[in-house]
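Thanks for coming, everyone. I'd like to walk you through one structure today, and you can follow along on the screen.

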Amino acid sequence: MQPGFNHEPVLAHQVLEAFASLPAEGVLLDCTLGGGGHSSLLLEAHPGWQLIGLDQDPEARKAAATKLATFGERVQIIATNFASYQATSPVVAVLADLGVSSHQLNQAERGFSFRSDGPLDMRMNPEGLGETAAALIDRLSETELADLLFHYGEEKLARRIARKLVAEGPWDNGERGTAALAYAIAGCYPPKQRHGRIHAATRSFQALRIAVNNELGVLEQLLEQAPHWLQAGGRFAVISFHSLEDRLVKNSFKSNPALRVITRKPLVADEAEEASNSRSRSAKLRVSEKLLGPE
């Protein structure tokens, strides 16, 4: 695997179970290939399956190519965001793991980390397209920024934080990075709440990342498009990591007449997985199945 690229698949057993009853032959579409962890397990469990793996991160694709090399011509890796993908033929399974890899979060230069100083970027697109987090903060009014932090980060101190960030701007001048932003956000909390198990800046950084990358918008596109990619009886599985994503997945599965909901409640990690992989603690897996009749 690519040096430094760490992708331990969450809810691996649950994903394998969700797809266990599917036909022996078919194509798996992994919309968020990452390091290839889920896909490797599924290809091993289903020797008759082919894989189409999507990822816009070149380092993830390199890591996945190394991990999946033993499967040879069964694997096709495409450099794209799943929102831009169009299937050319029906697939037996669609999987999306919406989590950000530890490798991405820990790269200071990508601007996701509040523990290591880096530029206020947060763009998933490695080509540097779109608006940075710093530019976004400077562009929004105090009210707009507070609404963003509240709705995307569920941050209770959103208005206090927004007021401080606007007052301390501009941020898009290259002089301050993620460490300064995290310090400013943490300063809005009472002293006793600044050093808990969850960093005080976690929710605000999440909100900014979601906004910069339009994560909910592209998820809505996937939820609308993926059922059309499935063959009859195929399954669509999504792993989400916060309530905004999970709510979208739940409501989309329930309201789509072409799908049958398999998981009435989301599947979550057991105690053993939570102890060995902290990322799994917030992971929720929902599964639906393409109906046999017309859409």
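I'll go through the sheet, then some helices, then a few odd backbone spots. One thing up front: this is a predicted model.

So, the sheet. Seven strands make it up, it's open, and the order runs β3-β2-β1-β4-β5-β7-β6, with mixed pairing. Which strands stand at the edges? Those are β3, residues 75–79, and β6, residues 259–261; each has a single partner strand, so one side of each has no neighbour in the sheet. Going from one strand to the next, the twist averages 20°.

Let's zoom in on β5, which covers residues 230–240. It pairs with β7, residues 284–290, in the antiparallel sense, over six bridges. If you want to find that pairing on the screen, look for Val-238, which stands opposite Arg-286 in β7. Another spot to look for is Ser-240, whose bridge partner in β7 is Lys-284. With β4, residues 91–97, β5 pairs in the parallel sense, and that's six bridges as well. There, Ala-93 has Arg-235 of β5 as its bridge partner. As a reminder, strands in a sheet pair through backbone hydrogen bonds, either parallel or antiparallel. And is β5 mostly covered or mostly open? Mostly covered: nine of its eleven residues are buried.

Now the helices that sit on this sheet. Helix α3, residues 58–67, packs on it and touches β2, residues 49–55, and β3; the direction of α3 makes about 175° with that of β3. Helix α11, residues 243–255, also packs on the sheet, touching β5, β6 and β7. The direction of α11 makes about 20° with that of β7.

Next, a helix pair. Helix α6 is residues 142–153, helix α7 is residues 158–167, and they pack at an angle of about 135° with their axes 8 Å apart. Oblique is the word for that, because the angle falls outside the roughly parallel, antiparallel and perpendicular ranges. The crossing of α6 past α7 is right-handed. On the α6 side the contact includes Leu-145, Leu-149 and Phe-150, and on the α7 side Ile-161, Leu-165 and Val-166 are among the residues involved.

Right after α6, in the loop leading to α7, you'll find Glu-154. Its phi is near 50°, a positive value in a residue that isn't glycine. Glu-154 is partly exposed, at 39% relative accessible area. Leu-11, in the segment before α1, also has a phi near 50°. But Leu-11 is buried, with a relative accessible area of 0%.

That brings us to α1 itself, residues 12–19. Which of its residues are buried? Ala-12, Gln-14, Val-15, Ala-18 and Phe-19. They cover an arc of only 165° around the axis, so they end up on the same side of α1. Turned away from that buried side is the face with the exposed residues His-13 and Glu-17.

Two last stops. In the loop between α7 and α8, you'll see Pro-170; the peptide bond from Gly-169 to Pro-170 is cis, with omega near 5°. And in helix α9, residues 202–212, there's Gln-206. Gln-206 counts as buried because its relative accessible area is 19% and the cut-off is under 20%. Outside its neighbours within four places in sequence, Gln-206 is in contact with Tyr-152, Gly-153 and His-242.

That's my tour; happy to take questions.

Note on methods:
Residues are numbered from 1 along each chain as its sequence is written. This is a predicted model: local features need pLDDT of at least 70, side-chain atom pairs count only at pLDDT 80 or more; totals for chains, interfaces and linings use all residues. Side-chain values use heavy atoms; hydrogens and water are left out. Buried means under 20% relative accessible area, exposed over 50%, partly exposed in between (1.4 Å probe, protein chains only). Helices (H or I, at least four residues) and strands (E, at least two) are DSSP runs, numbered from the N terminus. The arc is that of the directions from the helix axis to the C-beta atoms. Two strands pair if DSSP finds at least two bridges between them. Axes are lines fitted to C-alpha atoms, for helices over the stretch in contact, and angles run from 0 to 180 degrees between N-to-C directions. Contact means heavy atoms within 4.5 Å. Angles under 35 degrees count as roughly parallel, over 145 as roughly antiparallel, 65 to 115 as roughly perpendicular and the rest as oblique. A crossing is left-handed if the near helix is turned anticlockwise from the far one by less than a right angle, and right-handed if clockwise.
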